[in-house]
Amino acid sequence: MRIKKILAAAGALSMTASTLLGTAAFHVSAADQTLKFDIRSGESNDITISAEDIAAGDYTVPVNIYIPENPGVNGIQLKMQINDGQVAEDGSFGNYGLYFSDAALASPCCFDTSNADPAFPNSFTTPSKMNLTWTTGLDKVNADASAEEGTSAWDSSVSWAYDAAFMTANLVVPQNTPAGDYTLDIRKEQFVNALSSDSGTPRYGKSVCTSYNQTSDVAFESVPLTVHVAAADDNNWQDSYEIEGAGHYLIAGDICGAPGETVHVPIYVFNDTGTAGMQLFFKYDQKLKMTGFTDPMDNYAYLIEPQGTPEVFPASFTFATSENLLPENGNGSILTYLDFVIPENAEDGTVYDVGFYTAGSPYNIKIIDRLTTKLNVALYDGSITVLSDNSTALNRTSLNFTEAGETANLTLFNAPGSVTWSSSDETVAKVDQNGFVTAVGNGNATITASNNGNEYTCSVSVGCLFGDVDMNGDVSSSDAQLTLMHFLEVMNGNEGLLTDAQIAIADVDGDGSISAYDAQCILSYFLEYTVSANTEITWYEITQNPNAPGAP
């Protein structure tokens, strides 16, 4: 959001006591004279950005500035900075490339939590310069504090101290920002006012807080927000997504992220011998929110200007040229990133499928050369796995293939050192040393990823009827009952009733876990298909699982 120049200038002016005169004073004792700021993202003063995320594109950190303790104040002017501000000789702040894309009073604001529109005081912000200013006619305390009997000041020990923020901002950490710690805090030292830098007569400013009819400024202190940009760990196992013996193919990456996080799914290109145009459509679990496509800055495949429609489903991605293009960075180059927001209420271990929409007309995928000849290109789907910490984990713990020849990719996240992949029965499913699984024949098998003495397993079933939990050849109410009983046992802290192979079959909604909803879906299918003789019903219609039979 851009602020008009006149507001930006007003926000940068130094505040004096004479401009902040009010009509009433707020009496506090000498012990209550410190104003306290707490700068947070979510509920934390620390946030980590992974090496993968900072390589994928600009990363936006939502920032809330709270005032947990306050003696009464009627004017606040803050100069925010990153670390020491990276101040140049002319007084300008570099802030190591980080900046606010926008900033405003919080809504609701801590000074009046009953007012949904925080425009009641005068506030000016210059986000790009990280200047935040607020003024009002008389001293303000938190509305909840003044309403609580016997309360005359903020106290960070009370339950409502963090109910409403003072100001909010979005801190942008640019793509490829070097690994390290970047601390957002209020500058306490004097600085050159940027508006005067070209005048030849520098004016100086400082962060200041004032109170009605006081002869000196209100003392303040702050708790900063530290942003950790992680370094790429070359010692961690990395999935190369190479498929031995494969021809030209595109494959969506498997990534992990925390609830509420924005993540970027790469689309890799392999064995391309010359492409002049693509019309692709992408499907994804619609519990995810797709926010756009991001162009890769480094490991890009083609120098192109694509067109995309991320706001509709299926999302489309198109480009066309007059010449055959080869990937600029060879095999494993990235066509684009698909950007998604993971639901805030997502549970660890939940898997969201992301891949290519191949249902056909009117969404026909086309990949052509300069003569408009359609190229034979294999397409492989990827996934987003919810993982709220840096623990080592598989992207999937179960796979259910309906027939031989079907494939899926497994990735072991946060695995230090090397990873060895193996199958308990290669007549059922085989796996290569990049974690790519291929169904071979009917039956059950276990894929194991071995890393640092630990084993991580994924159960695989091939040729088993979808939802046929008891494996007797049909889907009935007993399958639903078995699924529900297993769920209840696990909820009560007991060992479940189902084997790994049965769990893979019972997980009909494809979220990586067994729930009462799986049992409900199995029962619904039985009632429709068998009882009501609706043979047109599909598992996809009931579950919306993009990997279920009948999915587009």
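## Worked exercises on a predicted model

P314 sits in the loop between strand 20 (307-309) and strand 21 (315-325); helices (H or I, at least four residues) and strands (E, at least two) are DSSP runs, numbered from the N terminus. The model is predicted, so local features need pLDDT of at least 70 and side-chain atom pairs count only at pLDDT 80 or more, while totals for chains, interfaces and linings use all residues. Residues are numbered from 1 along each chain as its sequence is written, and side-chain values use heavy atoms, with hydrogens and water left out.

**Exercise 1. Find the cis peptide bonds that precede P314 and P362, and place P362 in the chain.**

Step 1. Start with P314: the peptide bond from F313 to P314 is cis, with omega near -5 degrees.

Step 2. Move on to P362, where the bond coming from S361 is cis with omega near 5 degrees.

Step 3. Place P362: this proline belongs to the loop between strand 23 (351-356) and strand 24 (366-368).

**Exercise 2. Describe the protein chain through its elements, burial, contacts and surface.**

Step 1. Count the elements: there are seven helices and 35 strands.

Step 2. Turn to burial. Of the 552 residues, 48% are buried, where buried means under 20% relative accessible area, exposed over 50%, and partly exposed in between (1.4 Å probe, protein chains only).

Step 3. Check the contact range. A contact means heavy atoms within 4.5 Å. Among contacts between residues at least 6 apart in sequence, 71% join residues at least 24 apart.

Step 4. Finish with the surface: the chain exposes about 25700 Å², and carbon and sulfur atoms supply 47% of it. Such areas come from the Shrake-Rupley method with a 1.4 Å probe; for residues, only the protein chains shown count as cover.

**Exercise 3. Which residues touch the most other members of the largest nonpolar core?**

Step 1. Fix the term: a nonpolar core is a set of buried Ala, Val, Leu, Ile, Met, Phe, Trp, Tyr and Cys residues joined through side-chain atoms within 4.5 Å.

Step 2. Pick out the best-connected members. The largest core has 40 residues, and F37, I76, M80, F166, L171 and L184 touch the most other members.

Step 3. Take L184 as an example. Setting aside residues up to four places away in sequence, L184 touches I39, V63, M80, Q81, I82, F100, M130, L171, P224 and L225.

Step 4. Look beyond this group: apart from the largest core lies another, of 33 residues, including F319, I342, Y352 and F356.

**Exercise 4. Is N451 buried or exposed, and what does its side chain reach?**

Step 1. Locate N451 in strand 34 (residues 443-451).

Step 2. Read its accessibility: N451 has a relative accessible area of 2%, so it is buried.

Step 3. Follow the side chain, which reaches the backbone oxygen of P416 at 2.8 Å.

Step 4. List the neighbours. Beyond four places in sequence, N451 touches T392, L412, A415, P416, G417, S418, V419 and Y456.

**Exercise 5. Explore helix 6 and the loop that follows, using L527, E528 and A533.**

Step 1. Begin with L527, which is found in helix 6 (residues 516-531). Its relative accessibility is 40%, so L527 counts as partly exposed.

Step 2. Look for a patch. L523, L527 and V531 make a nonpolar surface patch of about 240 Å². Patches are made of residues with over 30% relative accessible area and no salt bridge: like charges are joined within 9 Å, nonpolar side chains (Val, Leu, Ile, Met, Phe, Trp, Tyr) within 5 Å. A salt bridge is a side-chain nitrogen of Lys or Arg within 4 Å of a carboxyl oxygen of Asp or Glu.

Step 3. E528 also lies in helix 6, and E528 counts as partly exposed because its relative accessibility is 33%. Not counting residues up to four places away in sequence, E528 touches A533, N534 and I537. The C-alpha atoms of E528 and T538 are 9.5 Å apart, with 10 residues of separation along the chain.

Step 4. Continue to A533, in the loop between helix 6 and helix 7 (539-543). Phi of A533 is near 55 degrees, a positive value in a residue other than glycine. At 55% relative accessibility, A533 is exposed.

Terms used: Polar contact = N/O pair within 3.5 Å; in protein donor to acceptor, adjacent residues only side chain to side chain.
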